[in-house]
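Biologist: Thanks for sitting down with me over this one. Could you pull it up, so that we can go through it together?

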Amino acid sequence: MANLLVVDPVTRLEGHLRVEVGVETVGGVQQVVEARLAGTSFRGFERLLEGRAPAEAAHLTQRICGVCSVPHGVVASMALEATGGAQIPTNARILRNFVLAANFLQSHILHFYHLSLLDFAAGPDSPPWTPAWKADLRIGPEDSARLIEHYKQALGIVRQVNEMAAIFAGRQPHSPAFIAGGFTQIPTREAIEQAKVYVKAIAEFVRSLYIPDVDFVANQYPEYGKLGRGTGNFMSFGVFDLGDRTSLFGPGRISDGSTEIQPVDPQAIRETVVRSWFEDSAPNRHPSEGVTQAAYPKEGAYSWLKAPRYDGRPYETGPLARMWIAGRYRTGISVNDRHKARARESLILAEALSGWLAGLEVGGTAYTAYTPPVDGTGAALTEAPRGALGHWLRITGGKIAHYQIITPTCWNASPRDDANQPGPIEQALVGTPVQDREHPVEVLRVVHAFDPCLACAVHALRI
Amino acid sequence: MLITRRSFLKYCAAASAALGLDHSALRAVEQAAGGPDGPSVLWLQGSGCSGCSISFLNYISPNDPKDAADVLIRSVSLDYHPTLSAGAGQMVVDQVKKADNFILLVEGGVPTAFGGHACVPWSDGDKEITFEQAVRELASKARQVVCVGTCASYGGINAIGENPAGVKAVGVITGGNTVNVPGCPPHPNWIVSTLVSVLQGKTIPVDDRGRPTSIYGRRIHDECPFEDRGKARSFGVNGRCMEELGCQGPGTGAPCARMKWNNGINWCVQAGSICLGCTEPSFPNPVERRRGRGGGRGRGPRM
């Protein structure tokens, strides 16, 4: 890349991310012509579970991410249940939905106000809001002050969402309540009534502040309704089991901005490592057979993330993909659309909470005694706030012999693959104008819209 | 353009007055910790999950500081936090480099594999800075190093098994005294109260694991309201002692049973689960089910 700009660290996300963009003037506009995303941390989570008791998976894998621990706890429990074909009580299904939806809400609200907003509006004049890039801030002082007041209120709402989840989940983050066979806590009348108070306040916040604020910012920056399109390929594994063989957000996939929904076949998933700091000895494996051995340095590699591909192609995953596939938001594919879809998904979830509370059997069990088989394999797919999440495991002799995880950010922030196809965020960055080379805030806007979570993505996949 | 905290407090007062809020309380909290000329705070993240930061944001208290926003705006000058800082790239690296009177908070363990390149939190110009380098250098300049969470304190979950990233505790790297606030995550009150004490220059008595005795001095089991309620033989039964299902409460120093979590809403054992012992250097201890007399072999859950 001739005119290379490096942003390292990219702040206001979870984990460690470096972005390199090649900038050239095309058609009179200085813009990104090429981009590379590098996950700059290797956690080596892969061997943590090997040899451990299967029941520990739900506890240990939650520690992959402190923002989205809940989906790891849920899907690890589901994968263990799949090894022995366990059924869980209705109360467990509902409590998992409720706590997972709360987790989406806290993550989404945190993402807009605390991770993204400062790309568009100036914060207070003190750390951690200073120093800040001041390029292209179009929102005036009064509106900025109002948005920052909402930033503070949102901190309180995020806290309250976590309190609401903890009513059933014990605590947040890192809940001990997820267990193969169900959920540890029995819902009481008192707990349900307590949760209802929170639901009302949270839904009101989403309706009256979050959605209007997202739309207000989008209106101030209308060109971001076109910028950051990316691959146009969306995938969702489906989430929030409604107990009637349907989900609140169904699984599916689309190609290149289509409205034609195609099925997801998990067997079509492969992971490539040609540009990743992992050995090439076993390339392009399905996650159930994934082999990962760190190799640093390595010629041509630039990231600790692997590059998962579906049928050889990169896919974007996340709220916009979920909402698009569910037919709930199909306005466009851009930076602004990612924020708008995330906010609207939040309202759908906030409004679903009451129904789930009403469906709980007061005092009824949420757990069916279950021991996974001594030898077996299992897999489970769900959605985390940031998109498609899968866990695959094998148990041998009553211990975990192999565990593999693909997180949403593995898809979105992936590096190039063996066909040299850039990952979704890398593609989305191309064509982004850059006004000030010292302060390329436009790059942050495109990256942040995907809400990348590098803590999740760099767990290194064979656990 | 850096403005002092004092001038920012005036801004806050004006802003809150504009919003119709009572700003008389601002003067009181201004003195809650540190003062305008007190040390700033640098918060680094290494090999971890950001869960300690999320837990910090859950902070709420009837006393000053009252919540996370209050801490950020009026109690500390958080000169760097990777998840909260507005700036990015070289701008924040320069901010970290010029800090000279600061408390260093470290979240996450320190990866040492591949010459430290298992974690590169930032670049300075063309030079990649490893987390190990950053911790060594900043710890040597810091007035105090505080380890937030079990990973920074003891290595934690990233350091178990074969430890392929070579993760070490911060104290092992610095060779110096750290104040440890373990927990996976730590309770927000533990983080904030320790930070405020450090900012106020108080001497913090610690136990043999570097933890403030005021927080970690008593074992969970000794304060557990379910300790004498009969033993649970299986999950799915609430309000019993979970010891036979692998509860680590008897060996875990922490005030969870008394303080509870998330604004006093709940805690692990009250939720019908077990204490995982997350404030101890042994975390995550392999949890083996301790079969009681009523536990049928091969039946029920196995932990």
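Biologist: Let me start with a single residue: is B:Asn263 buried, exposed or partly exposed?

Modeller: Happy to help, and keep in mind that this is a predicted model. B:Asn263 lies in the segment after helix H12 (256-259) of chain B, and it has a positive phi of about 65° although it is not a glycine. A residue counts as buried from 20 other C-beta atoms within 10 Å and as exposed at 12 or fewer. B:Asn263 has 17, so it is partly exposed.

Biologist: And A:Asp256, which has a positive phi although it is not a glycine: is that residue buried or exposed?

Modeller: The phi of A:Asp256 is about 50°. Most residues other than glycine have a negative phi. A:Asp256 sits in the loop between E9 and strand E10 (269-272) of chain A. With 10 other C-beta atoms within 10 Å, A:Asp256 is exposed.

Biologist: What does the C-beta count say about A:Gly252, buried or exposed?

Modeller: A:Gly252 belongs to strand E9 (residues 252-254) of chain A. Beyond its neighbours within four places in sequence, its contacts include A:Ser236, A:Pro263 and A:Ile325. Because there are 21 C-beta neighbours inside 10 Å, A:Gly252 counts as buried.

Biologist: Which elements of chain A give two or more residues to the side that touches chain B, and which of them gives the most?

Modeller: In total, 79 residues of chain A are in contact with 83 residues of chain B. On the chain A side, the elements giving two or more residues are strand E1 (4-7), helix H1 (57-62) and helix H4 (141-169). By type, that side divides into 39 nonpolar, 23 polar and 17 charged residues. The element that gives the most, with 12 residues, is H4(A).

Biologist: Where does H3(A) bend?

Modeller: Helix H3 (residues 90-116) of chain A reaches 37 Å from its first C-alpha to its last, close to the 39 Å expected. Of its 27 residues, 25 are buried, so H3(A) is largely enclosed by the rest of the structure. The bend is about 30°, and it comes at A:Leu110.

Biologist: In the open sheet of three strands in chain A, which strands are at the edges?

Modeller: The order is E12-E13-E14, with antiparallel pairing, and the twist averages 15° from one strand to the next. E13(A) and E14(A) pair over seven bridges, with A:His391 opposite A:Ile405. Helix H2 (residues 69-84) of chain A lies across E12 and E13, running at about 150° to E12(A). Pairing on one side only marks the edge strands, E12 (376-384) and E14 (399-406).

Biologist: Over in chain B, which residue stands opposite B:Val179 in E9(B)?

Modeller: B:Val179 points one way from strand E9 (residues 178-181) together with B:Val181, while B:Thr178 and B:Asn180 point the other way; all are buried. Strand E7 (residues 144-148) of chain B pairs with E9(B) in the parallel sense over four bridges. Opposite B:Val179 stands B:Val146.

Biologist: One more: what is omega for the cis peptide bond that joins B:Asp64 and B:Pro65?

Modeller: B:Pro65 is in the loop between helix H3 (51-57) and helix H4 (68-75) of chain B. Chain A has a cis bond too, from A:Pro127 to A:Pro128, with omega near 5°. For B:Asp64 and B:Pro65, omega is about -15°.

Methods. Residues are numbered from 1 along each chain as its sequence is written. Chains are lettered from A and ligands numbered from 1 in the order in which they are written. This is a predicted model: local features need pLDDT of at least 70, side-chain atom pairs count only at pLDDT 80 or more; totals for chains, interfaces and linings use all residues. The expected span of a helix is 1.5 Å times one less than its number of residues. The bend at a residue is the angle between axes fitted to the seven residues ending there and the seven starting there. Two residues are in contact if their C-beta atoms, placed from the backbone, lie within 7 Å. Ala, Val, Leu, Ile, Met, Phe, Trp, Tyr, Cys and Pro count as nonpolar, Asp, Glu, Lys and Arg as charged, and the others, Gly among them, as polar. Two strands pair if DSSP finds at least two bridges between them. Axes are lines fitted to C-alpha atoms, for helices over the stretch in contact, and angles run from 0 to 180 degrees between N-to-C directions.
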